[in-house]
Amino acid sequence: MIAPSKLDERAKTIARDFPILAQPTSRGKRLAFLDSAASSQKPQAVIDALVHYYTYDNANIHRGVYELAERATAAFEGAREKVARFINAAESAELIWTRNTTESINLVSFSWGLQNLRPGDAILTSQLEHHSNLVPWQLLAAKTGADLRFIEVDANGMHELDDLDEKLHGVKLVALSHISNSLGTIAPLETIVPRAHAAGAIVLVDAAQSVPHMKVDVRALDVDFLAASGHKMCGPTGIGFLYGKRALLEAMPPFLTGGDMIKRVEYRETSFNEIPWKFEAGTSNIADAVALGAAVDYLETIGMDWVHAHERRLTAFALERMRTLEPLGLAIYGPLDPKDRSGIIAFNLADVHAHDLASILDTEGVCVRAGHHCTMPLMEKMGWPATARASFYLYNTEEDVEQLAGALHKAARIFKLA
Ligand code: PMP
């Protein structure tokens, strides 16, 4: 157990690695960046890796025989190995580069889904999902005649598992977010995955909100596919990945076709490359993959256990501070037990619209997101027109939380709640 003050001291040091956080806002306020669930900030080491790649190593990969191309290939494939190791994949061939979580899920939907689903089959997801882990399954169900089912969630965003075995009947694919981007709920994968497998289903995990924040081990979880985005884990935008078990990936048809994903092309026929390249048509996002490798190095140096412990403690501290505003009309959503939630806190202040609230917080230098958070059906189910959302990462400190609490008090005064 690390002492609370030690966690905060280290976070303050870490924040200095992120140059963007040192700039004041145009109103001269200290920046309290509480929107890492949307996209994280980047440490200098990642920015340097991008600049280094373009300054010294840039060339197209795989086919070049000259030194630069070999260096670019080694950096690109080296980054793949780092990310594969980071999630404990058995081999780097099981790690496919994509643009982001959304593309990774679409890859599975178009490739595995169209090949494997028939009328009478079912897909099981939950009522918590981001549109990225919902819309692809709606379209797949419509195309294949498969049924789309939902694990329901209660008023606090907790999964209702009483009827799980019934719901799993006939299910071929279970697709769930590991952590809800709207409410911070951590899905009980250790319960759901074995039962899904026992029912003959494979499991896809949308890990956009978990891989950046905690140790995620694809083999310990025994998931079949896992999708994540680089930009939420200190890496650049435009690079993400799909993990898949070798046997599944080998049996799947390619998603996109063209250069690099082929072994041999004739005028009327083509044989495809080995995994992972079978799924990487065209010139890849080489520089951003390399920089994502640097992001993984950065996170590993700090340690994912530290990141997780720090965020848990900071979230508990934030919940405590925010609860003092409940008499003024602050409503906090999501799981009641802190062990069921990550560093995401959704809230509303009385009947103030979340956008108005977020705009007032912005005048105090506090960056939070407001809206439906790409979970429109969940908002409708809960009866919330919108929510504000604060989310924490390794560079946030108690000072950020105090700034949020202070800005909320200001908002309460402006709206005459205090
Ligand atoms: N799933 C979850 C749980 C997310 O939080 C997000 C991003 N907000 C996504 C999927 C989509 O990520 P991206 O836009 O990087 O594809």
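This is a short talk on how the two domains of this protein meet, what surrounds its ligand, and one salt bridge worth a look.

Okay, so before anything else: what you have on screen is a predicted model. Let's start with the layout. The domain assignment splits the protein in two. Domain 1 comes in two pieces, 6-36 and 303-412, while domain 2 is the stretch 47-301. If you take the centres over C-alpha atoms, the two domains sit 28 Å apart.

Now, how do they touch? Domain 1 puts 37 residues into the contact, and domain 2 puts in 35. Together they bury about 2,700 Å², with 60% of that on carbon and sulfur atoms. If you want residues to click on in domain 1, go for Met304, Leu378 and Tyr393: those three lose the most area to domain 2, and together they make up 21% of what the domain 1 side buries.

What about charge and polarity across that interface? The count of salt bridges between the two domains is 0. Polar contacts are another story, with 15 residue pairs found across the interface. On the domain 1 side, the elements that each supply at least two residues are α1 (4-15), α11 (304-323), β12 (344-349) and α13 (376-382). That side breaks down into 20 nonpolar, 7 polar and 10 charged residues. So there are charged residues on the domain 1 side, yet the salt bridge count between domain 1 and domain 2 is 0.

On to the ligand. Which residues are around it? You'll find Asn100, Thr101, Thr102, His130, Ser132, Asn181, Asp206, Ala208, Gln209, Ser229, His231 and Lys232. Let me zoom in on three of those. The side chain of Thr102 has an N or O atom 2.5 Å from an oxygen of the ligand. Gln209 also points to a ligand oxygen, with a polar side-chain atom 2.7 Å away. With Lys232, the partner is a ligand nitrogen, and the distance from the side-chain N or O atom is 2.7 Å.

Last bit: salt bridges in general. The count comes to 29. One of them pairs Arg369 with Asp35, and their closest N and O atoms are 2.8 Å apart. Why pick that one? Arg369 is in strand β14 (residues 369-371), whereas Asp35 is in the loop between β1 (32-33) and α2 (44-57), so this pair ties together parts that are 334 residues apart in sequence.

That's my tour, thanks.

Methods. Residues are numbered from 1 along each chain as its sequence is written. This is a predicted model: local features need pLDDT of at least 70, side-chain atom pairs count only at pLDDT 80 or more; totals for chains, interfaces and linings use all residues. Side-chain values use heavy atoms; hydrogens and water are left out. Domain bounds come from an automatic or database domain assignment. Contact means heavy atoms within 4.5 Å. Buried area is the accessible area (1.4 Å probe) that two parts lose on being put together, summed over both. A salt bridge is a side-chain nitrogen of Lys or Arg within 4 Å of a carboxyl oxygen of Asp or Glu. A polar contact is a pair of N or O atoms within 3.5 Å; within protein, one must be able to donate a hydrogen and the other to accept it, and residues adjacent in sequence count only if both atoms are side-chain atoms. Helices (H or I, at least four residues) and strands (E, at least two) are DSSP runs, numbered from the N terminus. Ala, Val, Leu, Ile, Met, Phe, Trp, Tyr, Cys and Pro count as nonpolar, Asp, Glu, Lys and Arg as charged, and the others, Gly among them, as polar. A residue is near a molecule or strand if one of its heavy atoms lies within 4 Å of it.
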